[in-house]
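Biologist: I am new to this structure. Please show me how to read it.

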Amino acid sequence: MNEQTKSNPLLCDAETGVCGLPENEKNDNISIDNKEKSIKVIYFTDPICSSCWGIEPQLRKMKLEYGKEIDLEYHMGGLLPDWSYNSGGISKPSDVAHHWDEVSVYYDMPINGDVWLEDPLDSSYPPSMAFKAAQLQSNEKAILFMRELRELVFLKKKNITKWENIALAAKKANLDVNQMKSDYEGKAKTLFDNDLKLARELGVRGFPTLFFVNPKGETQTVYGTKPYPFYETAILTANPKATKTEFEKDWQSLFKKYNSLTAKEFAELSGKNRKESERILDELSSQKKLEKLTTKNGSIWILIN
């Protein structure tokens, strides 16, 4: 991680695939308990981390292929407490706009950086605490909620620190919005603080960071957005007996599992090349089977129910 990125979490390093934090001192006495599935995956992320948006295709494939083997835990890392925290190449929200546009091209995932010009976020803490509130209702719905938040901020230029946008994402994820608001104003702060504490104890230096832990407590770490084989290798190193599940790769099956897909995601999951994937998605859009949302840096396709 270069020095500028280390001092500036929103200046993500596309080559390493990391949105960085100041160095955390790892506590080697911390052990990770794993008693559920063969591998526990502890994922540190942030709602506005562009590198974490870049990892979505790989994460989705990992869940389909190894979902029976892994227990995936989402933890919030606290990328942007406030703007007084930043220094170096990014000192104000408008500086992020061009950077997001560049990262979008690098990861081949649609991101519109204009939110930082039109309705800039002052912190990533409110949506992070909202995610912790969502987890109190359902881990599965909380992951859907995180996806909705990311589509709002990265594609639709919505400020996801505002409650009306948080509530919109919660409603789409079928969460109880009133209960979520109560938890957001209550228990979620403590849960978020616990995530930040765990990140410090484990020496998390940026996002995405994934720890793959087997029942013996042996840990493989994948740091940053990497090609899919890095994550599969970590799983098989943690448990050489882990078995891959075959999944249906036709468009109907994929959109039944994931309501929205970018061309990069469809290519990763279907096994088709990137150009052919976009052609298929555009054809389905013209047939009114999918809705296409286009940004200045790419598109996403949503299943029409």
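Modeller: We start with the whole chain, then turn to some helices.

Modeller: This is a predicted model, where local features need pLDDT of at least 70, side-chain atom pairs count only at pLDDT 80 or more, and totals for chains, interfaces and linings use all residues. Residues are numbered from 1 along each chain as its sequence is written, and side-chain values use heavy atoms, with hydrogens and water left out.

Biologist: How many helices and strands are there in the protein?

Modeller: Both are DSSP runs, numbered from the N terminus: helices are H or I, at least four residues, and strands are E, at least two. The protein has 14 helices and nine strands.

Biologist: How do helix α6 and helix α7 pack?

Modeller: Axes are lines fitted to C-alpha atoms, for helices over the stretch in contact, and angles run from 0 to 180 degrees between N-to-C directions. Over 145 degrees counts as roughly antiparallel. Here α6 (residues 125–137) and α7 (residues 139–154) pack at about 155°, with axes 8 Å apart. The two are therefore roughly antiparallel.

Biologist: Which residues of α6 and α7 make the contact?

Modeller: Contact means heavy atoms within 4.5 Å. α6 brings P127, A130, F131, A134 and Q135. α7 brings N139, A142, I143, F145, M146 and L149.

Biologist: Is helix α13 mostly covered or exposed?

Modeller: Buried means under 20% relative accessible area (1.4 Å probe, protein chains only). In α13 (residues 263–270), seven of the eight residues are buried, among them F266 and L269. Just after α13, G271 has a positive phi of about 85°. Across the protein, 55% of the 305 residues count as buried.

Methods
Buried < 20%, exposed > 50% of the residue type's maximum accessible area, 1.4 Å probe, protein only. Parallel < 35°, antiparallel > 145°, perpendicular 65-115°, else oblique.
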